[in-house]
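Grab a pencil and let's work through a few exercises together. Try each task before you read its solution.

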Amino acid sequence: MISIYKNKGIQEKDAKIIVDKMASHKEAFVDIMMVEELGMNENNEKPFKNALVTFFSFIIFGFIPLLIYVLAYIFSFKTNLFLYAIIFTAITLFILVL
């Protein structure tokens, strides 16, 4: 923590005083460390909404590689299905990474 404050332009002596004072208030010190040292902010998002988005993302993006087999069944073609499934999967993974 001292080095973080030094990097922000506070002299080492003053940084030590700040850290010593904060250390006496344990809960506040942990919160400040989470933000300053680890870069973690409090997340006020709704977990149920996040769970639904994740669930539907798994369903949608998980179905895309299987889509070629469904289309092959509907339109009765059988050539290079595995190759097309690999290509669809690669495209899907590339989109997910973006």
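Buried means under 20% relative accessible area, exposed over 50%, and partly exposed in between (1.4 Å probe, protein chains only). This is a predicted model, where local features need pLDDT of at least 70, side-chain atom pairs count only at pLDDT 80 or more, and totals for chains, interfaces and linings use all residues. Residues are numbered from 1 along each chain as its sequence is written, and side-chain values use heavy atoms, with hydrogens and water left out.

**Exercise 1.** Classify Ser76 as buried or exposed, and find where Ser76 lies.

Step 1: Ser76 has a relative accessible area of 61%, so Ser76 is exposed.
Step 2: Look along the chain: Ser76 sits in the loop between helix H4 (47-75) and helix H5 (81-97). Helices here are DSSP runs (H or I, at least four residues), numbered from the N terminus.
Step 3: Check the backbone: phi of Ser76 is near 55°, a positive value in a residue other than glycine.

**Exercise 2.** Do the same for Asn80.

Step 1: The relative accessibility is 49%, so Asn80 counts as partly exposed.
Step 2: Asn80 lies in the loop between H4 and H5.
Step 3: Asn80 isn't a glycine, yet has a positive phi of about 50°.

**Exercise 3.** Work out how the rings of Phe55 and Phe56 are arranged.

Step 1: Rings of Phe, Tyr and Trp (its six-membered ring) pair if their centres lie within 6.5 Å; planes under 30 degrees apart are stacked, over 60 edge-to-face, and the rest tilted.
Step 2: The centres of Phe55 and Phe56 are 5.3 Å apart with planes at 70°, so this pair is edge-to-face.

Notes
Helix = DSSP H or I, 4+ residues; strand = E, 2+ residues; numbered from the N terminus.
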